[in-house]
Number of protein chains: 2
Amino acid sequence: MARQMHLGVFVLGTGNHIAGWRMPGAYDSFQSLSVVQHIARIAERGCFDLLFLGDGLSAGVNDHPSFTARLEPITMLAALAATTTHLGLGATSSTTYNEPFNVARQFASLDHLCGGRAAWNAVTSSSPKAAPNFGRNHPPHEARYRVAEEFVDVVLGLWDCWEDGAIVAERDTGRYIDGSKVHTLDHEGEFFRVKGPLNVSRSPQGRPIVLQAGSSEPGQNLAARTADVVFSVVQDFEEARAAYASLKGRMPGYGRRPEEIAVLPGVMPILGRTRQEARDVLEQLQSFVTSTNAASMLGNRLGMDVSGFPMDELVPDLPLPDTSHGFAKAMLSKARREIMTWRDLHNLTGAARGHWVIAGTASDIADTLQEWFEGGAADGFNILPAWFPGAFDGFVDEVVPELQRRGLFRTKYTATTLRGHLGLEVPVNRFG
Amino acid sequence: MARQMHLGVFVLGTGNHIAGWRMPGAYDSFQSLSVVQHIARIAERGCFDLLFLGDGLSAGVNDHPSFTARLEPITMLAALAATTTHLGLGATSSTTYNEPFNVARQFASLDHLCGGRAAWNAVTSSSPKAAPNFGRNHPPHEARYRVAEEFVDVVLGLWDCWEDGAIVAERDTGRYIDGSKVHTLDHEGEFFRVKGPLNVSRSPQGRPIVLQAGSSEPGQNLAARTADVVFSVVQDFEEARAAYASLKGRMPGYGRRPEEIAVLPGVMPILGRTRQEARDVLEQLQSFVTSTNAASMLGNRLGMDVSGFPMDELVPDLPLPDTSHGFAKAMLSKARREIMTWRDLHNLTGAARGHWVIAGTASDIADTLQEWFEGGAADGFNILPAWFPGAFDGFVDEVVPELQRRGLFRTKYTATTLRGHLGLEVPVNRFG
């Protein structure tokens, strides 16, 4: 069988578009189990590899609605564990504001609860707004990544502490654990000392899938060394090809084959029966964006207050901030390339938060996804529906069948774990 | 209607008895969603107020099986949120090894996911075995409680940051949040600086229920000031009455009425059709305890290595350890009162981990529970089935109907939230 795409859905209950909740029939809450259950059902109907919940550790009343009042992703995924059967369940958890023991445990636990479908998106928490909720100063980018490198290693180590078959539960002798198959980690590093073992046994996938989204130099190195799936933030084909090649090219240096990571650029498909209809939908969405929301979103993405810049001036050449390099770089380089004003940049972030938007018919969208997939820019895509459920229903009912007809995407699940969907092998246990 | 009992079930998948998993038909895993789902179904059939998951942050291969390989409680409860309808869902989360922002968020999130049934058991993590998993030294008892006092205050404060009605989601204007109803906390204390607001809106119960189990002097003060439900560790009626009076007596000093806390002693019922049968079941259970397991459990409870003491010597007068004062005190005072040997004490902890055991017929057990309930020793009970599902089925099918016939316990749910089951009012929002 030809190489197959992998598809994820990026879930924000009010839609990925900042004003998606204002569309007719759209959900307007990200604090409801029934909303995410509905989204998960659509994703399973579309044979998606995974559902993904981002996260943030602060609330601003003018932010994207789903960034303000949101449920905590791990609890939300665990609730979905009980009501889904095949869908991978991925969530962000910070390497800056958590303990590795707690993170290792929660994702291992989730992997048990859902029978091998859990994925951890290791992020360094780029927003400086989180720090005051943890009595901290926002660590600089480089320091966050040094901590993250060690944090991820500890988590991977804790996931190996139990070999398969350590629980014997022999009723006749009373022996419950085979102690020779449970190991301490005894990690002593620059930032963490963690003895172990974890108090959760080896999980159904061997270990949960590791997601990453960092696109800076240290972000790409961390991903090349440890990730199974990478979400990338790109705005056009050439940029996506370059990012793809850069990441995959680093992998042999870490003793890994390029196929061991699936690179999924984020994309917001805007679907119409005609191209004009798609453009009209996008225009309608953009008309719903309030200037307060757009300025807040852009300010967060660029890591600076942008309210002082006149809307009709060109975006100047600005230094990269100490927040998320990925978003800032994608936005600022697009602004330079396309000679954008601040108003243009507001519109761009308001739409897909810095991700790439394709508007067109199902066939147009499938063409573009195929071109990227076959042209060395992607192993699949992280789909960002502008609103739920309508825009996601549209993608699953119109675009997915088109991809299936072209032999690019599965027509039914052939595995029961996320690792299986991704075609990845269960990793060898370092203690095994 | 006469005053009604409240019932909780303490869930350890392999049973509360250390060797319960060896009973015929018993579950032998605490790492399975289907096991806890089954237990939750039994609890809802019995109209229980809540299901409770304890926790620990380390694994020892000779510990109670459910203390060694266990799923993380919040993920497990969140999974149950989707498959239960009335049952309160309570879990332990440590005030020593977590950040208050993360804990506030997870339980608020859980409360949204289950429609108002979440409860947080604030514990200080008494076991010194947790510290090396977090690069820490085990803080002494007094220091743990000073941190816990402030931690609980921060969590309660974060739960108030959003007033009811803060989410307006006005589609026509695009206004999503009423900013005047979202508040920063601006906490600056001895141990924590937390700005807020939380990024979860006010939860269905106003705030999740707060559980506590500390029985030391600082533990009782913290509970009297902040708890809605207290689990107590007691071994006989007089001790239970004294603990009950001591806790309730502290409440007016914090401006609270004694009815605002439900005190639920932990009890392991061992049921038989006759008293002899019940004694036989207990004997069978005890015969399954291996000496390694019993020594490990007792050592953990007393906070010292007990393997050097000859089994047939009397338990000497020992100082209270720096672990859990509640268990150590209950065990050591019972050993003194009843002139026990180390072997007796091993047997006692092996059974119910230091909790109280009643063996008898359904009517005997109902008599004792009624006596405690009416005699000023309890507002209900935290039931610790020795194994699952059999011992819990027995309690729900035999003892609960007996309590219902006596008018002591509800015959159906009359509320949809845990706060409603407990007869507690939604707290006033400090910012409201």
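This is a chat about how chain A and chain B meet in a predicted model.

Reader: Hi! How many residues does each chain bring to the contact?
Author: Chain A gives 71 residues and chain B gives 71 residues.

Reader: And what area is buried between chain A and chain B?
Author: About 5,700 Å², with carbon and sulfur atoms giving 55% of that. On the side of chain A, L113(A), R171(A) and Y176(A) supply 13% of the area buried against chain B, more than any other three residues.

Reader: Nice. How many salt bridges does the rule find across the interface?
Author: Four. One pairs D55(A) with R105(B), whose closest N and O atoms are 2.6 Å apart. There are also 34 residue pairs in polar contact across the interface, both residues being at pLDDT 80 or more.

Reader: Which elements of chain A give two or more residues to the side that touches chain B?
Author: Those are α1 (33-45), α2 (65-68), α3 (73-81), α4 (100-113) and β6 (193-194) of chain A. The largest share, seven residues, comes from α4(A).

Reader: What about that side by class?
Author: It has 32 nonpolar, 25 polar and 14 charged residues.

Reader: Switching to symmetry: what turn lays chain A on chain B?
Author: A turn of 180 degrees, with a shift of 0.0 Å along the axis, and the RMSD is 0.0 Å. So this is the relation of a two-fold axis.

Reader: Which residue of chain A comes closest to the rotation axis?
Author: A79(A), with its C-alpha at 2.0 Å.

Reader: And what share of the contact residues of chain A recur in chain B?
Author: 100% of them, as the same surface serves both copies.

Technical notes. Residues numbered from 1 in each chain as written. Chains lettered and ligands numbered in written order. Predicted model: local features only at pLDDT ≥ 70, side-chain atom pairs only at ≥ 80, totals over all residues. Heavy atoms only, no water. Contact = heavy atoms within 4.5 Å. Buried area = accessible area lost by both parts, 1.4 Å probe. Salt bridge = Lys/Arg side-chain N within 4 Å of Asp/Glu carboxyl O. Polar contact = N/O pair within 3.5 Å; in protein donor to acceptor, adjacent residues only side chain to side chain. Helix = DSSP H or I, 4+ residues; strand = E, 2+ residues; numbered from the N terminus. Nonpolar A, V, L, I, M, F, W, Y, C, P; charged D, E, K, R; others polar. Least-squares fit on C-alpha atoms with pLDDT ≥ 70 in both.
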